Amino acid sequence: MNESEGDILVFLTGQSEIERACDSLFQKGESIDYQYDVRDGSVEGLLILPLYGSMSTDQQRKVFLPAPPHIRKCIVATNIAATSLTIDRIRYVVDCGFVKQLNHNPLVGLDVLEVVPISKFPYVDSPEERHILEALKQLYQNDAIDKTGHVTKLGRLMVELPLPPSLTRALIKAAAVGCECLLLPVAAMLSVENVFIRPGKSRMGDGGGLEIVCPAPSHVLPVHLPVNGTGVKVTAILYLAGSHTNVTDGH
């Protein structure tokens with residue numbers, strides 16, 4: 001706050017870290033005597049704005065608006081803002097030096113978000129043999145390659161979809177039996193980190209629930225669909241009549 005005019009951009013790794021930092025900054029900003037504690041007399045307040053992926057578009061748009069006169073803007077954002085956004089009047093940047101990176105865990109067969117240092121080695125290490133074997137095993141189990149390791153016809157079709165092999169195969173098989181409309185919402189929901197848009201914790205306390213708004217329905221019915229000839233059952237979501245429903249925290 002004692003530096004010359006300009007806004008501040010702080011990079012953190014995720015939503016929870018950002019909300020905690022904003023709470024701390026808000027408390028700090030409330031305790032500052034701007035007449036005596038701040039060297040720059042033109043600064044009379046601090047506007048703290050979070051920025052992360054699960055915020056609504058309207059909330060994200062606030063970071064681009066100019067701050068009121070004599071107010072310094074402090075944006076606390078995930079690292080996505082480093083490459084995909086340009087925010088005017090940013091003069092000071094604070095980076096925590098870490099980022100959340102999606103890595104594959106071959107032991108459980110899932111992609112997991114891990115906090116890793118931003119700095120990289122000069123050369124990328126080759127993957128361990130066991131990881132390569134696990135990847136080949138998954139491709140073979142999903143009929144993307146044959147016993148000789150060659151890509152199958154289904155495998156060539158699977159590379160067109162930016163999805164995990166098992167989900168890609170399920171979607172292709174669903175299209176073959178005419179039920180892709182049921183599986184597409186499931187594929188979309190499993191392809192993002194967070195399917196809910198949540199405004200974050202308010203200063204007056206948390207509302208305690210998330211509202212899901214559907215085109216018409218409110219009741220959600222899981223439907224188990226067998227994929228022909230595979231012995232695999234796909235769980236799809238069937239919407240029934242209604243308007244909207246609430247999902248409370250922890251459910």
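A crossing of two helices is left-handed if the near helix is turned anticlockwise from the far one by less than a right angle. Keep that in mind for the last part of this talk. One caution before we start: this is a predicted model.

Let's take the parallel sheet. It is open, it has 4 strands, and their order is 2-3-1-4. The pairing is parallel. Which strands sit at the edges? Strand 2, residues 45-51, and strand 4, residues 90-95. Each of these pairs on one side only. On average, neighbouring strands are turned by 20 degrees against each other, direction ignored.

Now look inside the sheet. Strand 1, residues 7-12, and strand 3, residues 71-78, run parallel and are joined by 5 bridges. Find leucine 12 on your screens. Its bridge partner in strand 3 is threonine 78. Then add helix 1, residues 15-31, which packs on this sheet. Helix 1 touches strand 1, strand 2 and strand 3. Its direction makes about 160 degrees with that of strand 3.

Next, charges. How many salt bridges does a search of the whole structure find? The count is 4. One pair to look at is aspartate 7 with arginine 89, whose side chains meet at 3.8 Å, N to O. This pair links distant parts of the chain, 82 residues apart. Aspartate 7 is in strand 1. Arginine 89 is in the loop between helix 3, residues 81-84, and strand 4.

Stay on arginine 89, and turn to the backbone. Most residues other than glycine have a negative phi. Arginine 89 is not a glycine, yet its phi is positive, about 70 degrees. Aspartate 143 also has a positive phi, near 60 degrees. Where is aspartate 143? In the loop between helix 4, residues 129-141, and helix 5, residues 153-158.

On to the hairpin. Strand 5, residues 98-105, pairs with strand 6, residues 110-117, in the antiparallel sense. There are 8 bridges between strand 5 and strand 6. Asparagine 105 stands opposite leucine 110 of strand 6. The hairpin has 4 residues between its strands. In the turn, glycine 109 has a positive phi of about 70 degrees.

Last, the helix pair I promised. Helix 6 covers residues 165-176, and helix 7 covers residues 180-190. They pack at an angle of about 165 degrees, with axes 9 Å apart. Why call helix 6 roughly antiparallel to helix 7? Because angles over 145 degrees count that way, and this one is about 165 degrees. The crossing of helix 6 and helix 7 is left-handed.

Who makes the contact? From helix 6 come Leu167, Ala170, Leu171, Ala174 and Ala175. Facing them from helix 7 are Glu180, Leu183, Leu184, Ala187 and Leu190. The contact residues divide into 9 nonpolar, no polar and 1 charged.

That's the tour. Over to you.

Methods: Residues are numbered from 1 along each chain as its sequence is written. This is a predicted model: local features need pLDDT of at least 70, side-chain atom pairs count only at pLDDT 80 or more; totals for chains, interfaces and linings use all residues. Side-chain values use heavy atoms; hydrogens and water are left out. Axes are lines fitted to C-alpha atoms, for helices over the stretch in contact, and angles run from 0 to 180 degrees between N-to-C directions. Helices (H or I, at least four residues) and strands (E, at least two) are DSSP runs, numbered from the N terminus. Contact means heavy atoms within 4.5 Å. Ala, Val, Leu, Ile, Met, Phe, Trp, Tyr, Cys and Pro count as nonpolar, Asp, Glu, Lys and Arg as charged, and the others, Gly among them, as polar. Two strands pair if DSSP finds at least two bridges between them.
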